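Colleague: I am new to this structure and would be grateful for a close look at a single part of it, the largest pocket. Which residues lie nearest its centre, and which elements give residues to its lining?

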Amino acid sequence: MSIERVLWEHDATGQVALVHKGEITPQDLVDAAIARAEATHPEINAIAEPLYEAARARAKTVDRKLPFAGVPFALKDLGIAMKGVPTHGGSRIPAFTPDFSSVMTERYLAAGLIPIATSTAPEHGLRLVTESVAYGVTRNPWNTAHTTGVPRAVRLRWSRPASCRWHMPRMAAARSGCLRLVPG
């Protein structure tokens, strides 16, 4: 199986299972993810800060016994600090470059995950779609005619539990596909 198919057909647990079996290497996964990110970036516009060289270096040294050894991912550019990596928060305000890594980032790295980039974000995380003056529109990779949030043109009536009083949980549910349409 080609490494591109591995990225396409396997989730993180499937990818790491192949690493643990010795069928692929962390370097294979990281190189393929970087190649895919570079190939799709002009159309999708999802990368805020590429971390390619650091990712390649980490892939060479990651302990292959870790639970997510060598699995590539993108760290959201919304204040999840990674030492030495500029954090923009989707804004044109000058980036903050931390001299520390957040606990969340430390846990990602300790599990063997390898950040290949930071991904674009709505300005300061305040919108439901990833559009910012700093980076422009981030497109949905499954349909580039759409953005990466809830399409504004779609008018749906959502059903929700009575305990859900705010719109954010419904929006998050809609983006993840956990939404139920009701006639109305």
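**The largest pocket and helix H3**

Modeller: In this predicted model, 35 residues line the largest pocket, and those nearest its centre are Arg-36, Thr-40, Ala-46, Ala-74 and Pro-141. Two or more lining residues come from each of the following elements: the helices H1 (3-9), H2 (12-21) and H3 (26-44), and the strands E2 (72-76) and E3 (114-119). The volume of this pocket is about 1,300 Å³. By class, its lining consists of 18 nonpolar, 11 polar and six charged residues.

Among the contributing elements, H3 gives the most to the lining, namely nine residues. This helix therefore merits a further look, since H3 also packs against another helix, H4, which covers residues 52-61. The axes of H3 and H4 are 8 Å apart, and the angle between them is about 165°. Because angles over 145 degrees count as roughly antiparallel, H3 is described as roughly antiparallel to H4. The crossing of the two helices is right-handed.

On the H3 side, the residues that meet H4 are Pro-26, Gln-27, Val-30, Asp-31, Ile-34, Ala-37 and Glu-38. Their partners in H4 are Tyr-52, Ala-55, Arg-56, Ala-59 and Lys-60. Sorted by class, this contact comprises seven nonpolar residues, one polar residue and four charged residues. H3 thus takes part both in the lining of the largest pocket and in the contact with H4.

Conventions:
Residues numbered from 1 in each chain as written. Predicted model: local features only at pLDDT ≥ 70, side-chain atom pairs only at ≥ 80, totals over all residues. Heavy atoms only, no water. 1 Å grid on protein atoms, 1.4 Å probe; cavity = no way out; pocket = protein on both sides within 12 Å on 5 of 7 lines; lining within 4 Å. Points joined across faces, edges and corners; volume = space filled by probe spheres on them. Helix = DSSP H or I, 4+ residues; strand = E, 2+ residues; numbered from the N terminus. Nonpolar A, V, L, I, M, F, W, Y, C, P; charged D, E, K, R; others polar. Axes fitted to C-alpha atoms, helices over the stretch in contact; angles between N-to-C directions. Parallel < 35°, antiparallel > 145°, perpendicular 65-115°, else oblique. Left-handed = near helix turned anticlockwise from the far one by under 90°. Contact = heavy atoms within 4.5 Å.
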